[in-house]
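Q: I'd like a close look at one part of this model, the charged pairs and what sits around them. Could you walk me through it slowly?

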Amino acid sequence: MDTPLTDRSAELQQRSKNIRFVLFAILLANWVVAGAKLVFGLMSQSAAVTADGLHSFIDGGSNVLGLVAMGVASRPADEDHPYGHGKFEALASLGIGAMIGIGMLELGRMALDSLLHDRHAEVTPAMAVVMVLTLAVNLAVTRVESHYGRKYKSSLLLADASHTLSDVFVTLAVLASLGLVALGYPKADGIIALGVMVFVAWVAYGIVRQAVNILSDTARLDPAQVAQHTMSVSGVRSCRDVRSRGMEESVYVDLKIEVDPNLTTAQAHEVADRVERTLHAAYPQLVDVVVHVEPEHGGGASRPHGHHA
């Protein structure tokens, strides 16, 4: 049975609303964490904790970016954007990747400063307690965002969860370096920071790659599998030129089928209707299917019939 576009649009609107709610809750959590680190870092004159607080503040900035992007992405299709505004979500993911890159540069600067000038934080028990508490909050945030990112198949939530996870590793590195500095190994601060920088770079690469795949219309469905479903429909003689694009939860497909050249236009369109129903049933994430109907072997009518789901 075909899924009406209006129902699909309502589903996407609800999905966007749910994602925005998750992002807002995470924004509050990130800024509570950032505020605790910044206040304590400045009071104790700890450069490491203050820098970690700035990194958490960037996390909050990425949530604001995500909220704005989802507000745009949830808009229905219009004349200027006939395929909807979903790609704004991928653009936001790209922005988060860029923010991680900025944080990575700051990490590198701190690491080199520590190694070259032997600068490190002054270790206090209270500092360690604050870092452990914020670490627990970040772990909870990462778990929640990852869960809802998978549930709603949101590249934005998954990207932001990766960003928050990078903050977890930064905090772990700061804790480890504080411990080693207290034990008499001041160079550990810079060495661990360089290791974290490599990890953060890998996280940023994964986020950017996923966003670029969406923005560059990377194929979303296996053409051979789509053709197999299509060929199972009675009346379809052949299937070719299968193309798909979009986001994981909203995919667009177009393909060409060949039918008996002796079929009437109405009969040919009935075959196309069956193809659409079959593909919608096989792929619930499909938003739109365009079936181009042609006579088998190019015989009969010279102009193909375009059919829109």
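How many salt bridges does the structure hold?

A: Before the count, a word on where this comes from. This is a predicted model, where local features need pLDDT of at least 70, side-chain atom pairs count only at pLDDT 80 or more, and totals for chains, interfaces and linings use all residues. Residues are numbered from 1 along each chain as its sequence is written, and side-chain values use heavy atoms, with hydrogens and water left out.

Now the count: the structure holds nine salt bridges. A salt bridge here is a side-chain nitrogen of Lys or Arg within 4 Å of a carboxyl oxygen of Asp or Glu. The general idea is simple: side chains of opposite charge can pair when their charged atoms come close.

Take E258 and R240, whose side chains meet at 3.8 Å, N to O. E258 sits in strand β2 (residues 250-259) and R240 in strand β1 (residues 238-247), so this salt bridge ties together parts that are 18 residues apart in sequence. (Strands are DSSP runs of E, at least two residues, and helices are runs of H or I, at least four, numbered from the N terminus.) E258 is buried, at 12% relative accessible area, while R240 is partly exposed at 33%. Buried means under 20% relative accessible area, exposed means over 50%, and partly exposed is in between, using a 1.4 Å probe and protein chains only.

Next come K256 and D241, with a salt bridge of 3.4 Å, N to O. This pair also links distant parts of the chain, K256 in strand β2 and D241 in strand β1, 15 residues apart. K256 is partly exposed at 27%, and D241 is partly exposed too, at 43%. Put these four residues together with E294 and you get a network of salt bridges: R240, D241, K256, E258 and E294 are linked.

What about the greasy side of things? The largest nonpolar core has 22 residues, and L255, I257, V275, L279, L286 and V291 touch the most other members. Such a core is a set of buried Ala, Val, Leu, Ile, Met, Phe, Trp, Tyr and Cys residues joined through side-chain atoms within 4.5 Å. Strands β1 and β2 are among the elements that each supply at least two residues of this core; α7 (223-231), α8 (265-282) and β3 (286-295) do so as well. As for L279, its contacts (heavy atoms within 4.5 Å) include V226, L255 and L286, not counting residues up to four places away in sequence.
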